[in-house]
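Subject: Structure handover

Hi,

Here is the structure I promised you. Please open it beside this email and follow along.

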Amino acid sequence: MTDYFDELETRSADAREAAQVAALGRLGVQVEAVAQLRDLPVLRKSDLAAAQQANPPFGTIQVGDISHVFQSPGPIYEPGGSSHDWWRMGRFLHAAGIGASDVVQNCFGYHLTPAGHIFENGARAVGARVLPAGTGQTELQVQAAAHLGCTAYAGTPDYLKVILEKADEMGVSLNITKAAVGGGALFPSLREAYAERGVSCLQCYATADLGNIAYESLAMEGLIVDEGVIVEIVTPGTGDPVAEGEVGEVVVTALNPDYPLIRFATGDLSAILPGDSPCGRTNMRIKGWMGRADQTTKIKGMFVRPEQVAALVARHEEILKARVSVERENEQDVMRVALETTGGTAGDYAPSVTEIMKLKGQIELVAPGSLPKDGKVIDDLRNYD
């Protein structure tokens with residue numbers, strides 16, 4: 001097994017960007033630099049759902065060579081292909097040490113949603129055989145893993161623990177030493193428990209719409225962005241890039257010619273991890289899943305959305321950043337609006353707050369750079385216990 005899936009993983013930043021700009025051009029997006037993507041609108045899942053309802057099944061997106069159509073809750077329809085590494089999952093499986101000598105017990109679902117197919121397609125890309133196990137029937141899972149000599153697991157992080165414990169209960173010895181997981185949080189304690197059993201467990205970040213977005217290598221320092229996507233970390237509600245290391249929403253451009261998605265908002269929060277991975281892969285890294293970006297909050301019976309906070313910032317050039325918080329005082333909601341500004345008074349901004357938020361709030365002016373860099377533009381501090 002070579003150290004890398006292909007030469008793309010170690011190319012220079014300039015070579016990577018030149019290839020990305022060329023790929024965008026083939027998709028009809030004419031830019032001279034990847035940074036110019038920020039001038040394009042963000043595509044949200046709600047936009048995609050509305051377009052699909054108007055023009056089923058894929059809206060106005062021109063879909064190319066596909067073999068499957070999947071349905072996720074919403075409903076949202078996603079295409080899938082059978083060509084080599086269509087979802088780009090092979091890169092992750094290779095990084096996890098899975099290859100032609102392995103039999104992968106694929107415990108992702110095969111029904112309606114694409115996760116099972118995504119990982120099976122990736123296993124084929126690295127030459128591994130697959131047991132399409134799906135979920136449930138744990139005793140049968142153990143029997144099949146033992147009889148077929150499964151050496152690797154693909155599935156959610158916690159289900160492998162269920163299988164291993166069932167094997168212990170049955171007195172069955174399994175040969176699984178590698179795990180490629182996704183679809184949930186891999187807590188350090190769980191990874192450590194697998195390691196104590198002799199199982200190396202790595203995680204990826206993927207979605208039904210986009211396929212693989214980022215993945216761990218054996219270095220286990222952040223998630224390396226896949227070579228077939230462009231990832232931006234932006235302020236929720238605006239689409240404007242945040243500073244390196246600051247938490248924001250993950251926005252992805254998929255360079256898949258069969259299903260191109262341009263600036264697709266995942267609704268997830270993450271942050272850029274500076275520097276390169278010790279494993280030698282040179283693409284950008286992110287810190288992994290850090291929560292959800294949809295911070296819509298009901299205050300005094302009215303919904304306040306990140307887009308409204310963005311509109312407030314855009315209205316006044318003196319406002320650099322804004323953060324709305326809500327607390328309970330005397331059994332009533334109290335909205336506070338903290339503004340990083342270069343000038344002005346609270347009274348100057350009060351009319352805009354009331355007009356845009358449809359609520360009055362207590363306004364506090366703070367120095368530039370003083371608001372937390374945690375990706376939140378709306379912070380609900382009420383105690384619901």
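Start with helix 4. Its buried residues are Gly 116, Ile 118, Phe 119, Asn 121, Gly 122, Ala 123 and Ala 125. They pack against helix 3, strand 3, strand 4, strand 5, strand 6 (178–181) and strand 7. Keep in mind that this is a predicted model. Just after helix 4 comes Gly 127, with a positive phi of about 85 degrees.

**The sheet**

Strands of a sheet pair through backbone hydrogen bonds, either parallel or antiparallel. Here, nine strands form an open sheet with mixed pairing. Read across, the order is 4-3-5-6-7-8-9-14-13. Strand 4 and strand 13 are the edge strands, and each pairs on one side only.

Now look at strand 3, residues 103–106. Which way do its residues point? Val 103 and Gln 105 point one way, while Val 104 and Asn 106 point the other way. All of them are buried.

Strand 3 has strand 4 (residues 129–132) as a parallel partner, joined by four bridges. Within that pairing, Gln 105 has Leu 131 as its bridge partner, and Asn 106 has Pro 132. Strand 3 also pairs with strand 5 (residues 152–155) in the parallel sense, over three bridges. There, the bridge partner of Gln 105 is Tyr 153. Put helix 4 back into view: strand 3, helix 4 and strand 4 make a right-handed β-α-β unit.

**The largest pocket**

Rolling a probe the size of a water molecule over the atoms shows where empty space is left. The largest pocket holds about 1,300 Å³ of space. How many residues line the largest pocket? The count is 49. Tyr 205, Thr 207, Asp 268, Trp 289 and Arg 292 lie nearest its centre.

Several elements each supply at least two residues of this lining:

- helix 2 (45–54), helix 4 (115–125), helix 7 (188–196) and helix 8 (306–315)
- strand 7 (200–207) and strand 12 (261–270)

By class, the lining of the largest pocket has 22 nonpolar, 14 polar and 13 charged residues.

**Two cavities**

There are also two cavities of 30 Å³ or more. The largest cavity has a volume of about 60 Å³. Its lining includes Pro 79, Trp 86, Trp 87 and Arg 88. Ala 208, Asp 209, Leu 210 and Gly 211 line it too, as do Ala 254, Asn 256 and Tyr 259. Sorted by class, the lining residues are seven nonpolar, two polar and two charged.

The second largest cavity has a volume of about 30 Å³. Which element gives the most to its lining? Helix 4 does, with three residues. Strand 3 and helix 4 each supply at least two. Val 104 and Asn 106 are among the lining residues, and so are Phe 119, Glu 120 and Ala 123. Leu 93, Val 130 and Ala 154 line this cavity as well. The classes here are six nonpolar, one polar and one charged.

**Backbone oddities**

Most residues other than glycine have a negative phi, and most peptide bonds are trans. Check these spots against that:

- Arg 88 is not a glycine, yet its phi is positive, about 65 degrees. Find it in the loop between strand 2 (76–80) and helix 3 (90–95). Arg 88 counts as buried because its relative accessible area is 12%, and the cut-off for buried is under 20%. Arg 88 also lines the largest cavity.
- Leu 112 has a positive phi too, near 70 degrees. It lies in the loop between strand 3 and helix 4. With a relative accessible area of 45%, Leu 112 is partly exposed.
- The peptide bond from Pro 56 to Pro 57 is cis, with omega near 0 degrees. Pro 57 lies in the loop between helix 2 and strand 1 (68–72).

**One more loop**

Finally, find Ser 277 in the loop between strand 13 (272–273) and strand 14 (285–286). Is Ser 277 buried or exposed? Ser 277 is buried, with a relative accessible area of 6%. Leaving aside its neighbours within four places in sequence, Ser 277 is in contact with Ser 217, Ala 219, Ile 224 and Arg 285.

Best wishes

Technical notes. Residues are numbered from 1 along each chain as its sequence is written. This is a predicted model: local features need pLDDT of at least 70, side-chain atom pairs count only at pLDDT 80 or more; totals for chains, interfaces and linings use all residues. Side-chain values use heavy atoms; hydrogens and water are left out. On a 1 Å grid over the protein atoms alone, a cavity is a set of points where a 1.4 Å probe fits but cannot get out, and a pocket is an open set with protein on both sides within 12 Å along at least five of seven lines; lining residues have an atom within 4 Å of a point. Grid points are joined across faces, edges and corners, and a volume is the space filled by probe spheres set on the points. Ala, Val, Leu, Ile, Met, Phe, Trp, Tyr, Cys and Pro count as nonpolar, Asp, Glu, Lys and Arg as charged, and the others, Gly among them, as polar. Buried means under 20% relative accessible area, exposed over 50%, partly exposed in between (1.4 Å probe, protein chains only). Two strands pair if DSSP finds at least two bridges between them. A crossover is right-handed if, with the strands pointing away from the viewer, the path from the first strand over the helix to the second runs clockwise. Contact means heavy atoms within 4.5 Å.
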